[in-house]
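The exercises below ask you to read a model residue by residue and to justify each classification that you make. Work through each task before turning to its solution.

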Amino acid sequence: MTDPHPDETDAEPDDDQRRRISDLAANVTHLAGSVTHLAAENVTHLAENVSHLAEDAWNRLDFRRRLVLAGLGLRQGVRRMRGSLVPILTAGVAAWIAYAIAHELLGHPTPFFAPIASWICLGFTYNRVPRKVLEIGAGVALGVVIGELILAGFGAGGWQLALGLPIAALIARVLDRGDLFTIQAGVNAMVVVGMGTIVSPVTGAGPSRFLDAVVGSGVALLFTVLFPGDIVYRPRRYVANLLAELATAYSMLAEGLREGNRERLRDAHAQLRGIQGIVEDTHTVLQSSADIIRLSPTLRRHRAQVDELSRQLELSTRAAHTTEMLLRQSRGVVDERGPLPIIAGLLDDTAAALHAMSGSVRHWNTPKRARILAIELAAKCAPGAANITDWRRNVLLSVMRSVAIDLLQLTGLSRVQARVYLPDAAGDIGGPEAVVTGDEGSAVWGAADFKE
């Protein structure tokens, strides 16, 4: 018997198959959309990373930024030269006296170990510690003695020179833990053995070289005791230079914001990179002064000043980090909103306060003008006073409030005292009578130093 509806049984699986195909197509479409979205996000993140890498590479390679760093390095080099002028001249006089004693009084024909030992011991800085001078001088003398013994026993040559270094260094490590002692022992042992390869009547000086080294070291020690130098001048100069260069960075940043000039913002970024080297040098100088004070009871009267300079370094480093944050925010705001003359004015005020603080530290005067400028800056950082309503610009203003706190602390206030001068949303500003007593402020520039 023939089926009255022959196509219905075949139609049902066809409809089911169509539904499955439709569902599969929908799933594929959804999956493709997810993959496309994920790929787009990854491409966006990759583009951002490439952009940051390209920007960093540009900062490293850009000639204009090279000029900024070169200018900063040249200024630091000139400052180092001026700061080392007197110590180097003093070392030159000591070397001449050591040579004269060995040549005229002891009758040595070429006593060049005397001036060499004197120069090595004194160096080119004000921070000359008697113990370190003795350590270096003893290392020179030990190296000369070991070199002479090797010359007398084995002669001069390459293997003798290679033998002198480890022998001198190992003996030095047994006798003293100082690095300079070991270095000088090894160097001078090699120098003496190396000189033995030169055939000349004046080079075969024998024991006289040891006496020359003793004379040079003795003259250096005498100069160290008689002319100890000012152990606070050098760290003071370094901290003052750090504050001045930080002020330069703020001036560059102010120009970039006032004109909406991204290139000038890059210049400020290069300036901040260069400042990191000054921070490290300043830390080394302050550590050296602190070590001298610990070793010399007669110099402990300078401890308060060195402690204050260490405090200045810590606050300046914090201010540099805050400046980096301000710079990053400024780039985005300039790209989106263009010039920011109001914030630029605040940055100019910051640079002026830092310059005033630099002068106070350099001449060690009470930073009255710097504090006045910092208080005025804090007053201008009130949201109402700045007349800023855009949220992105308010972010910059928020960072500037942190900068104002750093400046107030640089002038000697504790953080609690500094916050009194920072206006809140209502614009209230604390006066001198509202200063809160705190134990984190300066032990040198207290509130009483600012009273007329």
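## Exercise 1: a glutamine facing two helices

Leaving aside the neighbours within four places in sequence, Q184 is in contact with I120, I136, G139 and V140. The model in which this is found is a predicted one.

**Task.** State in which helix Q184 is found, decide whether Q184 is buried or exposed, and then establish which residues of helix 3 and helix 4 meet each other.

**Solution.** Begin with the placement: Q184 belongs to helix 6, which covers residues 179-195. Next, take the relative accessible area of Q184, which is 13%; because buried means under 20%, Q184 counts as buried. Then turn to the two helices: on the side of helix 3 the participants are F113, A117, I120 and C121, and on the side of helix 4 they are V133, I136, G137, V140 and V144. Finally, compare the lists: I120, I136 and V140, which take part in the meeting of helix 3 with helix 4, are also among the residues that Q184 contacts.

## Exercise 2: the geometry of helix 3 and helix 4

**Task.** Describe how helix 3 and helix 4 pack, giving the angle and the distance between their axes, the handedness of the crossing, and the division of the contact residues into nonpolar, polar and charged.

**Solution.** Helix 3 spans residues 113-122 and helix 4 spans residues 130-154; the two pack at an angle of about 145°, and their axes are 9 Å apart. The crossing of helix 3 and helix 4 is right-handed. The residues of this contact comprise eight nonpolar and one polar, with no charged residue.

## Exercise 3: a residue of helix 7 beside helix 4

**Task.** Classify L221 by its relative accessibility, and find which residues L221 contacts beyond its neighbours within four places in sequence.

**Solution.** L221 has its place in helix 7, residues 208-226. Its relative accessibility is 24%, and L221 therefore counts as partly exposed, the class that lies between under 20% and over 50%. Setting aside neighbours within four places in sequence, the contacts of L221 are P130, V133 and L134. For V133, the separation from L221 is 88 residues in sequence, whereas the C-alpha to C-alpha distance in space is 6.2 Å. V133 is also one of the residues with which helix 4 meets helix 3.

## Exercise 4: two residues of helix 8

**Task.** Decide whether E245 and A240 are buried or exposed, and determine which residue is joined to E245 by a side-chain polar contact.

**Solution.** Start with E245, which lies in helix 8, residues 233-259. E245 has 1% relative accessibility and so counts as buried. The side chains of E245 and Q271 are joined by a polar contact of 2.8 Å. Beyond the neighbours within four places in sequence, E245 contacts L72, R75, Q76, R79, Q271, I275 and I278.

Continue with A240, whose place is also in helix 8. A240 has a relative accessible area of 0%, so A240 is buried. Outside the neighbours within four places in sequence, A240 is in contact with S358, V361 and R362. The C-alpha atoms of A240 and V361 are separated by 5.7 Å, although these residues are 121 apart along the chain.

## Exercise 5: a loop histidine and an exposed glutamate

**Task.** Classify H108 and E280 as buried or exposed, and give the C-alpha distance from H108 to D212 and from E280 to L313.

**Solution.** H108 is found in the loop between helix 2 (63-105) and helix 3. With 9% relative accessibility, H108 counts as buried. Not counting residues up to four places away in sequence, H108 touches A102, H103, S208, L211 and D212. H108 and D212 are 104 residues apart in sequence, and their C-alpha atoms are 8.4 Å apart in space.

E280, by contrast, is found in helix 9, residues 262-295. Its relative accessibility is 54%, and E280 therefore counts as exposed. The C-alpha atoms of E280 and L313, which are 33 residues apart along the chain, are separated by 9.9 Å.

## Exercise 6: the chain as a whole

**Task.** How many helices and strands does the chain have, and what percentage of its residues count as buried?

**Solution.** The secondary structure comprises 15 helices and zero strands. Of the 452 residues, 43% count as buried.

Note on methods: Residues are numbered from 1 along each chain as its sequence is written. This is a predicted model: local features need pLDDT of at least 70, side-chain atom pairs count only at pLDDT 80 or more; totals for chains, interfaces and linings use all residues. Side-chain values use heavy atoms; hydrogens and water are left out. Axes are lines fitted to C-alpha atoms, for helices over the stretch in contact, and angles run from 0 to 180 degrees between N-to-C directions. Helices (H or I, at least four residues) and strands (E, at least two) are DSSP runs, numbered from the N terminus. A crossing is left-handed if the near helix is turned anticlockwise from the far one by less than a right angle, and right-handed if clockwise. Contact means heavy atoms within 4.5 Å. Ala, Val, Leu, Ile, Met, Phe, Trp, Tyr, Cys and Pro count as nonpolar, Asp, Glu, Lys and Arg as charged, and the others, Gly among them, as polar. Buried means under 20% relative accessible area, exposed over 50%, partly exposed in between (1.4 Å probe, protein chains only). A polar contact is a pair of N or O atoms within 3.5 Å; within protein, one must be able to donate a hydrogen and the other to accept it, and residues adjacent in sequence count only if both atoms are side-chain atoms.
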